[in-house]
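Student: I would like to learn how to read a model with more than one chain. Could you walk me through it, feature by feature?

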Amino acid sequence: MTLVKIAPPIPQDVDLQRTYDAIVVGSGAAGGMAAHVLTSKGLHVLLLEAGKKLPIEKELRSMQWPYDHPRRGDAPPGSHSISFNEYTIRKPPYAVNSAYKHVYSYVGTWGGTDYVKNILVDEKNHPYTGTPYAWVRARALGGKTNIWGRLALRLSDYDFKAKSRDGYGEDWPIEYKDIQPYYDRVDRYLGISGHKENLPHLPDSLFQRPVKLNKAEVMLRQKLKPMGRVLTPYRAGVTTDGVKHNKYRSKCFGRGACNRRPGGCDIHAAFDSPTGLIYPAMDTGNLTLRTNSIAREVLIDKNSGRARGVAFVDSETQKSYEVNAKVVVLAASTLESARLMLLSKSDQHPNGIGNTSGHVGHNFCEHVMGPGVTGLVKELVGKPHTIEDGRPGGFYVPRFRNLSDRQPGFIRGYGFEGSSGQSIFPSHTDRPGFGAQYKKDLRDHTGAFISMGAFGEVLPRYESYVDIDPETKDKWGIPVLRFHYEFGDNEHKMAEDMFTSAREMFEAAGIEVIGTDREVLTPGWSIHELGTARMGSDPKTSVLNQFQQSHDVRNLFVVDGSSHVNASCQNPTWTIMALAWRSCDYLTDEFRKGSL
Amino acid sequence: MTDMSSPESLSRREMIGATAAALVTPLLVPRVQAVLNAVPLPPKFLTVAEFTLLDELTEMIIPTDNHSPGARAAGVARYIDNRLAESLEPDWQALWRSGLASVDGLSRELNGIAFMQSTPEQRLAVVTRMAAFELRPATPETEVRPGKAAVEAPAMTPAEQFFAELKRTTVYAYYTSKIGIHTDQNYKGNVYQLQEYAGYDAT
């Protein structure tokens, strides 16, 4: 096996006396991309990451069999993952008075807490308050890209110009043709797998070879065609043919490891920010990395009102530091970047840096989840077992609502993620019974189920927001976020339609529906939070311009999902990276002109 | 195959084996190892009587059939005992202890005799009663809600509540064992696919 086994680059020493060209806060998809683009153009960048640099291959152990793990993947005693019921019945902070030693977000319940216990934050150290919210955070080099779901989709003008179509909210200050070249660059630099469908509302990427479908998926694809709907192989942010310019990543060998656990790929065929972006950036000689560095404030030059650097706390030593730079780029995640801006108060910026509009923390949006369907494909019962989960994802059914039609109950749309086929653990084990017949039934039905669940656009609303809790602080004494967020009428009506249409599609395909989900999951479940520092052309109603540059502070950029004007219903990671690339191109040009 | 769910005891045994190998001639090692393997390790949390009962219950849920060995061969009771022994959750430990007691209680109630002393037919009657809640009508829409227990019956008896936990844990332990994954399920994945991926094209 010729697998990639290249050690990470030797890090440069951090020089806190120096004035860096740029400081990037956060090392996930956005921060990694900023580091890549800026260093490739010769800027000297300091990348601050709040979490540790993990020996990630040892954490993920992608191919480890369950029986080779002492607890079959569970974390050691004393750990707990928050359940749906806890999120629903209680209000945050969820873990403060917990009797458990360590508490993790619901992602730990997917099976395999032990593989993510050092990637996910311990909720006991990271409280938040307000309305119920399933906030999933990963503090480690690479952030959530270490375990992300890999579905890599483009947005279209149905999203960028959604207001022009239905009158709600705001249009983005860009259109598809502005971002398309950057989607292309992301595709080529990182690799993406998929099948061309020529859909105007879900543009194709520059795909490497697609992953395959299972029998049930092929059948559903055929039956959906007459309905004008599409089932396409999972568009995975995974390199299936390899990326020759990157020595840290292998191509995908269809091990299926990424679907057995909360995610992650120990050969880095699935994109992650460290191997995909940060290590190559370090190889330019222009990137300095400091982990365990929790940014707590963007520092202001009192004379000019511009950003002069970042104050941070070392997560291990608790010591405070300041470091200076000519440009500050926030990429700490939608919610953490908003928190940092709101915490950065000064005489010049009394409501937080870049917040004269009062919109920082507001227009908070994401994807609503919950409704879905599980079906039995009778033709597959009792069939011989084959490899069916050797792939980074199952299938995707793109949005079909409010494209040419107008739904009576709601605006915008939703898509379905789904899968079928045999996996390492049999499905539907909660069927009644026990004994020889139960055992035989499980065996015969292995691989005969298909299921899918929807991701729908949550409308951005000014009144959906986060602010700083006046009392509660995290382990490092930094004030925490307080949530003011719930789904509205549009989301609930959309969720009802998800439920109905899911069932309708399975029934049309002759799949016996054996289970349906109608209930909406706790906000946050999609891990697609967006919009808290939106872009726009009007500084009164937006925080950033089309290059993710603060309207107020011209050397401050916010290049993560907080800049998104609406959530669309497509998974955001690829768009986050395309936008960050575009903005960092602009940033460099302005930097060279001396206009920042 | 008996102890794969118990790496701690395995490693202890490997340690003894390694020591033995260092002390005796290589020819003797297989015999020493065979003797060591034949000695059953005492349960860590449960009493021997509780462990024997649990082992029987797991085997009744996933029995050996002509296709594959069952829960006993897969070491399911050993796995559960190990987890109970290291658990920091007294409530969870108590559920198992009282649950196993409730099985004997139900056995006496139905058959007038302790579970392990009863006939196979009598045992089946007890477990069937413990599982009765599964056949009560449930609201279809709540069947597969994520994050919720599969069955939220309002009036479950202690033996029924225990059965739900017992079945869930037994199924998990069995289908994550070598026997469950490879012999019973004949699982083909978790391998490197060096050429084309398995499956069908989207046409």
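Tutor: Happy to! Keep in mind that this is a predicted model. Let's begin with two parts of chain A: 29 residues of domain 1 of chain A are in contact with 33 residues of domain 3 of chain A.

Student: Which elements give two or more residues to the side of domain 1 of chain A that touches domain 3 of chain A?

Tutor: Four helices do: H6 (162-166), H7 (176-190), H10 (273-283) and H14 (573-593) of chain A. H7(A) provides the largest share of that side, with 6 residues. Sorted by class, the side of domain 1 of chain A that touches domain 3 of chain A holds 15 nonpolar, 8 polar and 6 charged residues.

Student: Where do these domains run along the sequence of chain A?

Tutor: The domain assignment gives domain 1 as 14-53 + 150-191 + 271-365 + 464-472 + 530-596, domain 2 as 63-139, and domain 3 as 195-262 + 367-457 + 486-522. Taken over C-alpha atoms, the centres of domain 1 and domain 3 of chain A are 32 Å apart.

Student: H10(A) came up in that list. Is H10(A) enclosed or open?

Tutor: To judge burial, count neighbours: a residue is buried if 20 or more other C-beta atoms lie within 10 Å of its own. In H10(A), 10 of the 11 residues are buried, so this helix is largely enclosed by the rest of the structure. Among the buried ones are Leu277(A), Ile278(A), Tyr279(A) and Met282(A). Their cover includes helix H1 (29-40), strand E2 (45-48), H7 and strand E7 (287-290) of chain A. Just after H10(A), look for Gly285(A), which has a positive phi of about 85°.

Student: Which residues of H8 (residues 215-224) of chain A are buried?

Tutor: They are Lys215(A), Ala216(A), Glu217(A), Met219(A), Leu220(A) and Arg221(A). These buried residues of H8(A) pack against three strands of chain A, namely E12 (395-397), E13 (414-420) and E14 (449-457).

Student: And Ser83(A), in the loop between strand E3 (79-81) and helix H3 (84-89) of chain A: how many other C-beta atoms lie within 10 Å?

Tutor: There are 17, which means that Ser83(A) is partly exposed.

Student: Let's turn to chain B. How many helices and strands make up its secondary structure?

Tutor: Chain B has 8 helices and 0 strands. Of its 203 residues, 33% are buried. For contacts in chain B with a separation of 6 or more, 58% come from residues 24 or more positions apart.

Student: How many residues of chain B are in contact with chain A?

Tutor: An interface can be described in several ways. Its size is often given as the accessible area lost when the parts come together. Here we can count residues: 50 of chain B are in contact with 53 of chain A. Helices H1 (7-23), H3 (48-61), H4 (76-86), H7 (158-175) and H8 (178-184) of chain B each give two or more residues to the chain B side. By class, that side has 24 nonpolar, 12 polar and 14 charged residues.

Student: How do I read the packing of H3(B) and H4(B)?

Tutor: Two packed helices are described by the angle between their axes and the distance between the axes. The axes of H3(B) and H4(B) come within 8 Å and cross at roughly 130°. These helices are therefore oblique to each other, and H3(B) passes H4(B) in a right-handed crossing. At the contact, Phe51(B), Leu54(B), Asp55(B) and Thr58(B) of H3(B) meet Val76(B), Ala77(B), Ile80(B) and Asp81(B) of H4(B). The residues of this contact divide into 5 nonpolar, 1 polar and 2 charged.

How values were computed: Residues are numbered from 1 along each chain as its sequence is written. Chains are lettered from A and ligands numbered from 1 in the order in which they are written. This is a predicted model: local features need pLDDT of at least 70, side-chain atom pairs count only at pLDDT 80 or more; totals for chains, interfaces and linings use all residues. Domain bounds come from an automatic or database domain assignment. Two residues are in contact if their C-beta atoms, placed from the backbone, lie within 7 Å. Ala, Val, Leu, Ile, Met, Phe, Trp, Tyr, Cys and Pro count as nonpolar, Asp, Glu, Lys and Arg as charged, and the others, Gly among them, as polar. Axes are lines fitted to C-alpha atoms, for helices over the stretch in contact, and angles run from 0 to 180 degrees between N-to-C directions. Angles under 35 degrees count as roughly parallel, over 145 as roughly antiparallel, 65 to 115 as roughly perpendicular and the rest as oblique. A crossing is left-handed if the near helix is turned anticlockwise from the far one by less than a right angle, and right-handed if clockwise. A residue is buried if 20 or more other C-beta atoms lie within 10 Å of its own, exposed if 12 or fewer, and partly exposed in between; C-beta atoms are placed from the backbone.
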